[in-house]
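Colleague: I'm new to this one. Can you walk me through it?
Modeller: Sure. Have a look, then ask away.

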Amino acid sequence: MKPMKCSTGSQPVGAGWRAGATFALLSIATAAFSQVSNYKNIKTPPLRSFTVEQPKRVVLSNGMVIFLQEDHELPLIRGSALIRGGSRDVPADKAGLVQILAGSWRTGGTETRTGDQLDDILESRAARVETTGSEDATRVTIDVLKNDFDFVFPIFVELLQKPAFRQDKIDLAKTQVRTQIARRNDEPQGILQREAQKLGYGADSPYARTAEYATLNNITHEDLIAFHHRFVQPNNIVFGIVGDFDSAAMEKKLRATFESWPRGESAPPPPPVNAQAKPGVYFISKEDVTQANIAAVHPATLLRRDPDYYAVEVMNTILSGGFSGRLMNEIRSKAGLAYGVGGGLSSGWDRPMLFNTFMGTKSQTTIQSVDLLKQEIADLQTKPFTTEELQHAKESILNRYVFTMDSKAKVLNQRQQLEFYGYPADFVQKFQEGIRNVTASDVERVAKKYVHPDQLAILVVGNEKDFEKPLTVAYGRVTPIDITIPEPGGQPAAAAPAKGSSTDARALLNKVRNFVGGQTAIANVQTVREVGTMSLKTPQGPMDVEVENITRFPESHRQVLKTPMGEMTMVSTPDGAFMISPAGPRDLPDSQRQAIRSESKQDMLNVLKNADNPAYTFNIVGTENNAQILEVNADGSTFKWYVDPTSGKPLKKVSQGRMGEQVIEYTEWKNVNGINLPVAFTVTGGANSGTGKMSTIEINPAVDAKLFEKPVAQ
Amino acid sequence: MRKILSLLLLTAASLSAQDLVSFEKHVTVRKLDNGLTVIIVERPEAPVFSYATVVNVGNAQEVPGITGLAHMFEHMAFKGSETLGSTNYDAEKAGLQKVENTYAAYDLERRKTIGRDDAKVAQLEKAWKDAMDEAQKYVVPNEFSKVVDQAGGVGMNAFTRSDETVYFYSLPSNRLELWAYLESERFLHPVFREFYKERDVVTEERRMRTESNPIGRVVEEFLATAFTAHPYRQPTVGYPSDLKAFSATDAAAFFKKYYVPSNMVVAVVGDVKPSETMPIIEKYFGRLPKAPVPEPLRTIEPPQKAERLVVLHEKSQPVYLEGYHRPAITDPDDPTYDVMEMLLSVGRTSHLYRSLVRDKKIAAVAQGFNGFPGVKYPNLFTFFAITTPGHTPQEITTAIAEETNKLKNEDVTPEELQSPAWRWSSRWRRRSKATGASCSASSIVSTR
């Protein structure tokens, strides 16, 4: 085997295939021991020199910067307007605005054409005009066959300058984002990424906060128009175009289109990063997984324009570059503990970012992996960077440099990006020099300066009962993070400022309490059972559902629905929530449990029972027709009652659900044992529209406690 | 409907014919004496090249007991060779043989269902682990990757699917010979070092993609339900029991059977002249020994006789899949299925977007796509939907049925068909922009 191996592997370029030569090589190789790997014998000719055509830069009198790059390989033209201003520039109570903006900009159409019309026009020509948004920018892009450019470009310009943001597409975009919110805790890696950012920057930071149902409800058509007006100004735009065109003719076309666009207000500087990860161990419980996901983060301070950037890039490559960095070698290959492992110190273009490393391992090796990951981070400061590591990292970066400019489009994108962040045009060229000059002591110095092993916030997402030992046993103090998705109007009680109640609101509430039955009678209600029918409008047509509700105050509910698809039971108690469907019983996810809790706080009798509880506050926020609008904050769950001020009779209830605003109008009331309750109602908006009619209402009936216990699955 | 379809496809073909001709001018295809197909595409825009090695083997070639082995071998192909990744290969080789021997003894004892001696299991396990520690002494971890990285390699990776295993990366063009050496050596002298640790890594991959991910879990159930006999029912990553059991010896046997030159295609795209490149490829890849083409798969999925439904109760939000059996890619109807996919799924004018996403608002994503889980054998046309909050999978079933009924019972207008024809040709042109993409696309087409 050995001779074959040596002879086959060691042919130098152009060497003959003679047996004599092979044997000679064999004896040399044997003498020199097989440490001399044969790939080293392969000659590397110098890389063919090639110059990259730089795009032409044009600055219009209104401040708009344009880059033109000819590329005649295929009959295509692609362009993008990179516009300053993104999600970090919107107020916290409207988080998600840029997502909604990007999602309804193109689909919402222009002043002259709806988005649906644009779909037909563009797709019939295989053309694309799209809008996207990110942390610091929005983009409008065009991608067309060359011959369609003159037809499609005016559409691009109209969309850029005069979007309509039609309401139906805003609603559609909100539905899309609500779907993302509802699903954001389904997959552990998504949770890890999101929550590691929140730990690193602080949960409310413009660089980490996420859209919530409540913030989506705050976003209006006017907000989108205002954002567009504020940021989409020529002096905030860097426009790049590449493809099969003549630059002079294209420049003329672009000048004719954009030169007359008046200058507007400049984008503000990036908001400050008040990064605040507190060192320690944080835990998020996720039971339906076999793997623990781990992150170790701390705030960083480095910007890309800093001279230390190059040494940090070399350090990052040693830590986790390619498939042969330290993390890969130690945690994946040698220990077999992870499939995915990586991370490093990020340097922002215009604001500091984080040191962030992450991995996933089986639940049973969680603690072992956390310790190993921490060790690898600590080693950055204690385990010397070897000459070989340094050389490997530098050569990897330098040799792959050619890939940063292997297409005209890439070169254009780079120039656009440098311009956007105010970096010099030769930044990319200087990068090579910067890397070449990095020494081992530079890497050692930056590792000490920017990496802080004692300041790490360690985040673990997983199923703790399968860990080799509890995190608290391993690390002492562990801070749990609650990732329950807040329902609209249901901000955690701590976050909602306790506003207190106004006197006139108290008076109105008393009227309502008297209308329903008075303080004593209401306090005596322990259980309510209602039976009736709901007629729902569904996409498949009307559907009748028989319903039975049992409420045991303070917070146990049982609902049985008999639908054409079968019987469904949902039970919520202080201990948990479950449902029973034809497929058997199962626990409800946290998000639904939270939704039911929030809804049950809004129960009419519950609110009136808690009229004097300081966690329940009441305010009059307006009038409509003759009704007074009473805003109720029921321990963090908010809604509005429209009340007849004379009788104290509630006429309707308005609340924000995850499907938007829901209105319940009370159409018929019935007095049962001295308690006045609505027995017929109409529901519009929200998840289900329809009517309901209760045929039976019982106050304090005998109820079997077993009904609230989860049956054992068969 | 059929007639209109084929007519318009002709138009589509003629639209892109010009591009194809100019593309073909830069393509050189050659079959080496050992049966290996080599494709070279010259694109001299920058001094770089990309390659893909496509092996006509996937998890469809696995049987129970060795599920996941095709993918496992893919991981092993990054472990180096006899000349790469070892400080002393002779000693390592002896060590690896000992690992296999001790593992076989341990595995035999631990999987006994009757008369297992637990003390003996523990003792054999220790012997195996000691043997692994011994062999590990000679390992230079990830030396293969290191050499590629240091030469300026980017995008190095590989994937295994039901039908194929594909390896790829890009290098500066002055490294062509280094690449030819490394890539041929990988399949000429593979060494199954760190096999059992890598098996743990693959098991972590399974935990990540399947066990800890609701979509992964439902896809596994879906395929196991849709196919009862054909290996498309088996997960590519393998069943946990098999991942705990199979050995490097199993992997070597699998490799020997399927990694033969007549079952492989190597494609190179970039700043490469065929006249200079072909001899280098021939010199290195010509060393792979000629061997018979593996026999075709025997099992054919029997006709489905009843609707099959699988419901996975999870804590997560609903994910919906609905599949229909369709013939293999070699069937003359294949282009019709492609057009159906475009009409149903591609763009905002597609039927499923307009109905389920835009109008009914019951789905955030709704698509129907071909070739699940593979295309080489009869497979599934699959609908996939993500429900919006408050809406149920039942609503999705009804809405998809409406759309498929329309497609069956109403004529598709010529105007509507023109759009996919255009999109098809333009998508082709856009795809051919990316060196890596056109490389693997052309080589994949060729393996099939």
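**A walk through the two chains**

Colleague: Let's start with a single residue. Where does A:Y475 lie?
Modeller: A:Y475 sits in helix α18 of chain A, which covers residues 471–475. Keep in mind that this is a predicted model.

Colleague: Is A:Y475 buried, partly exposed or exposed?
Modeller: Partly exposed, because A:Y475 has 16 C-beta neighbours inside 10 Å. The cut-off for buried is 20 or more.

Colleague: And how far is A:Y475 from A:Y339?
Modeller: Their C-alpha atoms are separated by 25 Å. Along the chain, A:Y475 and A:Y339 are 136 residues apart.

Colleague: Zoom out. Which domains does chain A have?
Modeller: The domain assignment gives three entries. Domain 1 takes 56–187 + 200–258. Domain 2 is 280–480. Domain 3 is 493–708.

Colleague: What separates the centres of domain 1 and domain 3 of chain A?
Modeller: 42 Å, taken over C-alpha atoms.

Colleague: What size of box do the C-alpha atoms of chain A fill?
Modeller: Roughly 110 × 70 × 45 Å, along the principal axes.

Colleague: How many helices and strands are in chain A?
Modeller: Chain A has 22 helices and 25 strands. Chain B has 16 helices and 9 strands.

Colleague: What share of each chain is buried?
Modeller: In chain A, 42% of the 714 residues count as buried. In chain B, buried residues make up 48% of 448.

Colleague: What about contacts between residues that sit apart in sequence?
Modeller: Take contacts between residues at least 6 apart. In chain A, 71% of those join residues at least 24 apart. For chain B, 80% of such contacts do so.

Colleague: New topic: the contact between the chains. How many residues does each chain give?
Modeller: Chain B gives 76 residues and chain A gives 75 residues.

Colleague: Which elements of chain B give two or more residues to that side?
Modeller: Both helices and strands. The helices are α5 (143–150), α6 (176–188), α7 (195–211), α14 (393–409) and α15 (414–431) of chain B. The strands are β4 (154–160) and β5 (165–172) of chain B.

Colleague: Which one gives the largest share?
Modeller: α7(B), with 8 residues.

Colleague: How do the residues on that side of chain B divide by class?
Modeller: There are 24 nonpolar, 26 polar and 26 charged residues.

Colleague: Show me one helix pair across the chains. At what angle do α14(A) and α5(B) pack?
Modeller: At about 50°, with their axes 7 Å apart. Helix α14 of chain A covers residues 387–399. That angle makes α14(A) oblique to α5(B).

Colleague: Which residues meet there?
Modeller: From α14(A), they are A:H392, A:E395, A:S396 and A:N399. From α5(B), they are B:K146, B:D149 and B:Q150. By class, this contact has no nonpolar, 4 polar and 3 charged residues.

Colleague: Now a pair inside chain B. At what angle do α3(B) and α4(B) pack?
Modeller: The angle is about 160°, and the axes are 8 Å apart. Helix α3 of chain B is residues 89–110, and helix α4 of chain B is residues 118–136. The angle makes α3(B) roughly antiparallel to α4(B). Their crossing is left-handed.

Colleague: Which residues make that contact?
Modeller: On α3(B), they include B:L96, B:V99 and B:Y103. On α4(B), B:L124, B:W128 and B:M132 are among them. The contact has 12 nonpolar, 2 polar and 7 charged residues.

Colleague: Backbone next. Where are the cis peptide bonds you'd point out?
Modeller: Two to look at. The bond from A:F553 to A:P554 is cis, with omega near 10°. A:P554 lies in the loop between β14 (541–552) and β15 (556–563) of chain A. The bond from B:F372 to B:P373 is cis too, with omega near 0°. B:P373 is in the loop between β8 (363–372) and β9 (379–387) of chain B.

Colleague: Which residues other than glycine have a positive phi?
Modeller: A:N700 is one of them, with phi near 50°. A:N700 lies in the segment after β25 (689–699) of chain A. B:N142 is another, with phi of about 55°. B:N142 is in the loop between α4 and α5 of chain B.

Colleague: Are A:N700 and B:N142 buried or partly exposed?
Modeller: A:N700 is partly exposed, with 13 other C-beta atoms within 10 Å. B:N142 is buried, with 24 other C-beta atoms within 10 Å.

Technical notes
Residues are numbered from 1 along each chain as its sequence is written. Chains are lettered from A and ligands numbered from 1 in the order in which they are written. This is a predicted model: local features need pLDDT of at least 70, side-chain atom pairs count only at pLDDT 80 or more; totals for chains, interfaces and linings use all residues. Domain bounds come from an automatic or database domain assignment. Helices (H or I, at least four residues) and strands (E, at least two) are DSSP runs, numbered from the N terminus. A residue is buried if 20 or more other C-beta atoms lie within 10 Å of its own, exposed if 12 or fewer, and partly exposed in between; C-beta atoms are placed from the backbone. Two residues are in contact if their C-beta atoms, placed from the backbone, lie within 7 Å. Axes are lines fitted to C-alpha atoms, for helices over the stretch in contact, and angles run from 0 to 180 degrees between N-to-C directions. Angles under 35 degrees count as roughly parallel, over 145 as roughly antiparallel, 65 to 115 as roughly perpendicular and the rest as oblique. A crossing is left-handed if the near helix is turned anticlockwise from the far one by less than a right angle, and right-handed if clockwise. Ala, Val, Leu, Ile, Met, Phe, Trp, Tyr, Cys and Pro count as nonpolar, Asp, Glu, Lys and Arg as charged, and the others, Gly among them, as polar.
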